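Work through the exercises below with the sequence and the model at hand. Each task is followed by a stepwise solution.

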Amino acid sequence: MSGPAAGTAVAATTTDVVCLGESMVTFLPSQPGRLADVPSFGRGIGGAESNVACALAAAGHRAAWVGRVGADGFGDHLVETIASYGVDTSAVRRDPVRPTGIYFRTATDRGTDTHEVAYYRAGSAASAMSPANVPYEELFAGRILHLSGITAALSGDCLALLRELTAVRPGRPLVSFDVNHRPHLWRGGDADASVLLELARRADLVFVGEDEAEEAWGIVGAEAIRAAVPEPSVLVVKRGSAGATVFASGLRPGPRSSNAGGAEDTDTVTHVPALHVDVVAAVGAGDAFAAGFLSATLRGLPVRDRARHGHLMAAAVLTVPGDLTEPPARDHADRLVALDDDAWGTLRLGPGWTAADRASEEVRTP
């Protein structure tokens, strides 16, 4: 079977967000330095979509992760660890032939010249995901289906799957798409740019970094990105330390009309400054921002508050060494989100700030 069968009923919504993608076992260095010099590594997990699912579940939402892992010990570790966050992993498939992907990385920030990542994911179980072997009923069971451009880069079958899942059809959940441009995953040429732009334009809610839009598409500035991606009802342009700009149309959630740009499609543009954060490690912040934004979207909060929750969830990850951490308690986060612009602009968050009983110690002015 290729794609969901015609007339297939969409399952009753019992899940808030379903996330599909590859998760891998991550080997984290015991000390800074080149991979050639690091003597030992600790084991963790990594994967953009599973990171989002874990953060949402930890924040109290019903989240599911759908993926494919090997019938090996690393696959066992991934499924057990992701499930320990409260994520539903019942739809994860085990591949009897292909292995679970793994990777090693240095301790330095991804954006520096000294950062190294060594992936061992070619031919992985996840790269075999296709329109013929995923559980469509489970994928369409949530209010939101979250995808990313990383999956499209894994194989031709994975790209075909994302095209199926982003196709407009009756009963399709709101499709969230994080561009997540990773040039090293693509097989050369300009295919990655056109594919990522195509998928973004088919989604309902899109996250893209200003830097990756310039790298992938040669587009500079939030307004120009919106002009290139006019269809989604919500476009979130992440601008690093400058914050985020959110373009939201007045139409219902779902793909905008082909006449995007007409008077009926006028955007509301909201800029939300980033927070001052004492960064411990910059890995995983984009996934955490998406989780915070999706969490607030599920709660029906205003656009400004959605972006602020994204910034807070990102700040929680930025102030710990790994990709995942306990998010701030909801009432704590809501109090911070409700601050006026001046107070929001003077917040500074450091390690340990998510503990509500220590908020007065860790939230301070610069």
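**Salt bridge exercises**

The side chains of E22 and R121 form a salt bridge with an N to O distance of 2.9 Å; a salt bridge is a side-chain nitrogen of Lys or Arg within 4 Å of a carboxyl oxygen of Asp or Glu. The model is predicted: local features need pLDDT of at least 70, side-chain atom pairs count only at pLDDT 80 or more, and totals for chains, interfaces and linings use all residues. Residues are numbered from 1 along each chain as its sequence is written, and side-chain values use heavy atoms, with hydrogens and water left out.

**Exercise 1.** Place E22 and R121 in the chain, and state whether they are buried or exposed.

Step 1. E22 is in the loop between strand 1 (15-20) and strand 2 (24-29). R121 is in the loop between strand 8 (117-120) and helix 3 (136-139), 99 residues apart from E22. Helices (H or I, at least four residues) and strands (E, at least two) are DSSP runs, numbered from the N terminus.

Step 2. Both residues are buried, where buried means under 20% relative accessible area, exposed over 50%, and partly exposed in between (1.4 Å probe, protein chains only).

**Exercise 2.** Classify the accessibility of D331 and R335, which pair in a salt bridge.

Step 1. The N to O distance between D331 and R335 is 3.8 Å.

Step 2. Both lie in helix 11 (residues 330-337), four residues apart, about one turn of the helix.

Step 3. D331 has 46% relative accessibility, so D331 counts as partly exposed. R335, at 48%, is also partly exposed.
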